[in-house]
Number of protein chains: 2
Amino acid sequence: MAGNLSTPGASVASRVFALLGAFDAEHRALSLTALAERAGLPLATAHRLAGELVGLGGLERRGDRYVVGRRVWDLGLLASVQAELRQVAAPFLHDLYAATHATVHLAERAGTEVLYLDRLSGRATVPVVSRVGGRLPLHTTGVGKVLLAFAPDEVQRAVLADLVRVTPFTITQPGRLREQLRRVHREGFAQTVEEMSPGACSVAVPVRRGSDGEVVAALGLVVPDLRRGRARLVAALQVAAAGIGRSLPLSESPG
Amino acid sequence: MAGNLSTPGASVASRVFALLGAFDAEHRALSLTALAERAGLPLATAHRLAGELVGLGGLERRGDRYVVGRRVWDLGLLASVQAELRQVAAPFLHDLYAATHATVHLAERAGTEVLYLDRLSGRATVPVVSRVGGRLPLHTTGVGKVLLAFAPDEVQRAVLADLVRVTPFTITQPGRLREQLRRVHREGFAQTVEEMSPGACSVAVPVRRGSDGEVVAALGLVVPDLRRGRARLVAALQVAAAGIGRSLPLSESPG
DNA sequence: GGACGGCTTTCCGCTCAGTGGGAGGATAGG
DNA sequence: CCTATCCTCCCACTGAGCGGAAAGCCGTCC
């Protein structure tokens, strides 16, 4: 379709996603030049395609900057992640927040990372690094440890082989983490103590789909201190997780 | 780019969006045939493009069905709508919910409709038809009336010219609605009484950007009854709206 | 004021990526 | 066994898409 291709083999569809993928949480608005550069496309190509996407609602133009369009947001709401889990979980997350006033997290595993599906926090609690849609290491977060404990062997091995240090309290010894994962199975919850960010502790429990008991997500709380009240938090989490699991449809798995 | 085009002039980018646009809230998972049909593309073309999108994360395959991919959800979170307003507003919405236990709505105007940006509801309140990402008429909802009252003249005219009846209580006389919109300006809030769905009333207030006072969104509550406690609800809404407006960055408008 | 640097926009000839009818499998039901 | 309904793959044909180059469009600095 073109005479002179800088990257032959790249399809138009991949270019479209390259353009959209040029945006991230730190780059929500990009000039044409920046957009082209980050997408790895020639300026003229980026210009034409971006113009087309604006027409389709995939991008929007604000002055001389491009931003991701509303249409993409609309479509994103239909994505499977969000559709079932988040919707079902939302009221339970509120209950949890009301009961504890701690930051509430709903997360699932995406490869070897935690993917935060929802977060609920007031304004006066512990500062938390997570963002909805954001990813963090599995071994440094409460929800991550839960998800890791119930992840397939190959994922556990891959993660244990590379335990990045984030704070002085991050667990980087595979043996110690493996022992903790066993405890998660035994006791039904995981915790972290300043392993992701100083001054923040967390507890988390698995969310099991009611129909078959499969762990589909994790539910967690972030608090400044776990020394007292942990049992109460775990109890609240387990009630909410059970509620979510029971309300969950039994979405067929990939064939 | 092809020898035999069924619809010459349609770009690949438009076909990509046609495929994604084939999904909606009622069609979250589609077979290839259904996908092709709804997208208006030949089967072979849909098959090839869908396969490519799966590789790019824009679609996912579940058995013999396609669903919108996680990548689209990620990208959607970066869209301007969601990014600023929702994030800033979230804690205030919780406060409102905690204070009133009514369904809380954050909405903005999209053309001649209300676009619901966020919704927060418990499990035991009035049944509500709104969905996050969903659109409803401006003249039948509390947030809609607020947004309409502060919309440009041509929007008001377009809406007043076609007041669709939804319930027996829907206001369909332009004169009566115009009078109500004037009251919204005067009193600072709007209300509906069973105009969208039987048994549901709503109050709503504008969210003004702190820097310039422009109305950027509306904040509303849905309750079974407005006869008593309305003043209290309006007060709570105004406090929250002011808080949101003050925390809002002054995002430059289109040039 | 006029030359410069960084940005966006447009032009246009070249060509290969994308197209889609149709053949071929796979599976289900009669 | 045949028919119906999906999904997958093949492949000759060609115009949609490519991107270097050049032209606009600001500011800013000498």
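In chain A, 55% of the contacts with a separation of 6 or more come from residues 24 or more positions apart, a contact being two residues whose C-beta atoms, placed from the backbone, lie within 7 Å. This is a predicted model, so to speak of local features pLDDT of at least 70 is needed, side-chain atom pairs count only at pLDDT 80 or more, and totals for chains, interfaces and linings use all residues. Residues are numbered from 1 along each chain as its sequence is written, while chains are lettered from A and ligands numbered from 1 in the order in which they are written.

As for the overall build, chain A has nine helices and nine strands; these are DSSP runs numbered from the N terminus, with helices being H or I of at least four residues and strands E of at least two. The C-alpha trace of chain A spans about 65 × 45 × 35 Å along its principal axes. Of its 255 residues, 43% count as buried, meaning that 20 or more other C-beta atoms lie within 10 Å of the residue's own (exposed is 12 or fewer, partly exposed is in between, and C-beta atoms are placed from the backbone).

Now to the N-terminal part of the chain. An unreviewed UniProt entry annotates residues 10–70 of chain A as "domain: HTH iclR-type"; UniProt positions are given in the numbering used here, feature names are shortened, and such annotations may be inferred rather than shown by experiment. That span is 54% helix and 16% strand, and its end C-alpha atoms lie 26 Å apart. Helix α2 of chain A (residues 32–39) has A:Leu35, A:Ala36 and A:Ala39 buried. These residues sit on the same side of α2(A), because they cover an arc of only 95 degrees around the axis, taken from the directions from the helix axis to the C-beta atoms. In general, an α-helix has 3.6 residues a turn, so residues three or four places apart point the same way. The packing partners of the buried residues of α2(A) are α1 (12–21), β1 (29–30), α3 (43–56) and β3 (65–68) of chain A. Right after α2(A) comes A:Gly40, with a positive phi near 70 degrees.

In chain B, three strands make an open sheet in the order β1-β3-β2, with antiparallel pairing; strands count as paired if DSSP finds at least two bridges between them. β1 (29–30) and β2 (59–62) of chain B are at the edges with a single partner strand each, so one side of each has no neighbour in the sheet. Four bridges join β2(B) to β3 (residues 65–68) of chain B in the antiparallel sense, and B:Arg62 stands opposite B:Arg65 in β3(B).

The loops hold a backbone oddity. Most residues other than glycine have a negative phi. A:Glu194, however, has a positive phi near 55 degrees. A:Glu194 lies in the loop between β7 (190–193) and β8 (201–208) of chain A, and is partly exposed, with 18 other C-beta atoms within 10 Å. B:Glu194 likewise has a positive phi of about 55 degrees, and is partly exposed with 17 such neighbours within 10 Å.

Finally, the two copies. Chain B superposes on chain A by a rotation of 179 degrees with 0.0 Å of shift along the axis, at RMSD 0.1 Å; the least-squares fit uses C-alpha atoms of residues with pLDDT of at least 70 in both copies. That is how a two-fold axis relates them. The C-alpha of B:Gly76 is the one in chain B nearest the axis, 2.6 Å from it. Both copies use the same surface, with 100% of the contact residues of chain B recurring in chain A.
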